[in-house]
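Let's take a friendly walk through the hollows of this model and the helix beside them.

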Amino acid sequence: MNLRDRFHFPRFQSIQTKLVLTVSLTLGVILVMNLYIFSQINNMIVEIDSVFSSNVEIVQLKENLELVQNRVYEYLNTKSSSALEDYYRYEQDYRNRLSSFDSSKLNSSMQFLEKNIRSMSESYLENADLTVQAKRGRNVERYKALFEETSEIYRFINSYINELNNKLFQNNSENYMIMVRTLDILKSISIIVFLAAFAIGIFVVIVIIRTMIKPLTNLSRAAHQVADGDFNVEVPPSVSMDEIGVVNNAFGQMVESIRNYLESMRSSMEKEAQMKERELERIMYDFIN
């Protein structure tokens with residue numbers, strides 16, 4: 001079976017239907033390929049956008065910690081109710097950010113820093129709360145000593161957060177570059193796949209159209225031969241019952257009928273000539289005798 005035989009349509013479809021199906025199928029394949037490639041590129045872009053999300057979380061955690069420290073300091077100096085309310089609110093926000101931080105993608109050294117930040121944050125928040133309570137109880141010496149200890153822990157946590165942020169940034173930058181290179185490769189592959197799908201689609205369309213047009217080409221060649229008086233032309237019957245197939249088979253039957261008629265006429269004329277020849281021989285024989 002050759003390549004053209006692989007691309008065939010049901011016998012009773014019209015040429016218009018075949019052309020519509022051919023073009024629709026080709027465009028459909030190209031559309032599906034484009035949608036798949038687009039989804040892959042879009043997924044890669046989303047991953048690239050989320051690369052530095054861990055750095056954003058760390059920065060927000062640091063900012064939240066700074067707000068807690070500032071509100072403790074403000075309350076110690078002013079003992080305002082707004083500073084106290086802000087302290088409790090920012091303390092809860094810091095706890096929430098600390099608990100929601102995703103450490104699953106950290107390596108061992110970064111996980112060690114993250115654990116230190118968590119454990120020291122617990123000590124910090126506990127000391128900060130004791131400092132506030134001492135201030136509310138007007139125990140000056142205690143809240144001053146506790147605030148010094150709280151500030152010391154705060155500086156340690158800050159240094160750990162900065163170190164973790166730097167390590168994350170370095171690691172994320174490497175991942176970012178890998179993803180960018182992968183995205184470039186994916187774009188190149190998408191262009192190649194699109195061009196290949198387009199070329200294959202055009203090839204399939206040409207093969208199918210040539211398969212449909214071939215009977216018409218044979219019919220045109222046979223018609224020229226008949227017009228030149230050659231009725232011995234062979235018109236292969238078409239298995240397709242579209243417009244071209246119907247015309248092709250009708251033309252073949254017409255040529256066959258004309259050929260049979262001419263053959264009958266030739267046979268009849270030969271018989272008549274033979275009869276005249278025998279009659280002439282009989283007349284000549286009678287005349288001589």
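On a 1 Å grid over the protein atoms alone, a pocket is an open set of points with protein on both sides within 12 Å along at least five of seven lines, whereas a cavity is a set where a 1.4 Å probe fits but cannot get out; lining residues have an atom within 4 Å of a point. This is a predicted model, in which local features need pLDDT of at least 70. Residues are numbered from 1 along each chain as its sequence is written.

The second largest pocket has a volume (the space filled by probe spheres set on the points) of about 290 Å³. Of its 14 lining residues, Ser50, Val51, Ser54, Lys105 and Asn172 are the closest to the centre. Helices here are DSSP runs (H or I, at least four residues) numbered from the N terminus; H3 (53–78) and H6 (140–227) each give two or more residues to this lining.

The largest cavity holds about 40 Å³, and Ile58, Leu61 and Leu164 are among its lining residues.

| Lining | Top contributor | Nonpolar | Polar | Charged |
|---|---|---|---|---|
| Second largest pocket | H6, 5 residues | 4 residues | 6 residues | 4 residues |
| Largest cavity | H5, 3 residues | 6 residues | no residues | 2 residues |

Now to H3 itself. Its 26 residues reach 37 Å from first C-alpha to last, close to the 38 Å expected at 1.5 Å a residue. Its buried residues (under 20% relative accessible area, 1.4 Å probe, protein chains only) include Ser54, Ile58 and Leu61. Just after H3, lysine 79 takes a positive phi of about 55°.

Note on methods. This is a predicted model: local features need pLDDT of at least 70, side-chain atom pairs count only at pLDDT 80 or more; totals for chains, interfaces and linings use all residues. Side-chain values use heavy atoms; hydrogens and water are left out. Ala, Val, Leu, Ile, Met, Phe, Trp, Tyr, Cys and Pro count as nonpolar, Asp, Glu, Lys and Arg as charged, and the others, Gly among them, as polar. The expected span of a helix is 1.5 Å times one less than its number of residues. Buried means under 20% relative accessible area, exposed over 50%, partly exposed in between (1.4 Å probe, protein chains only).
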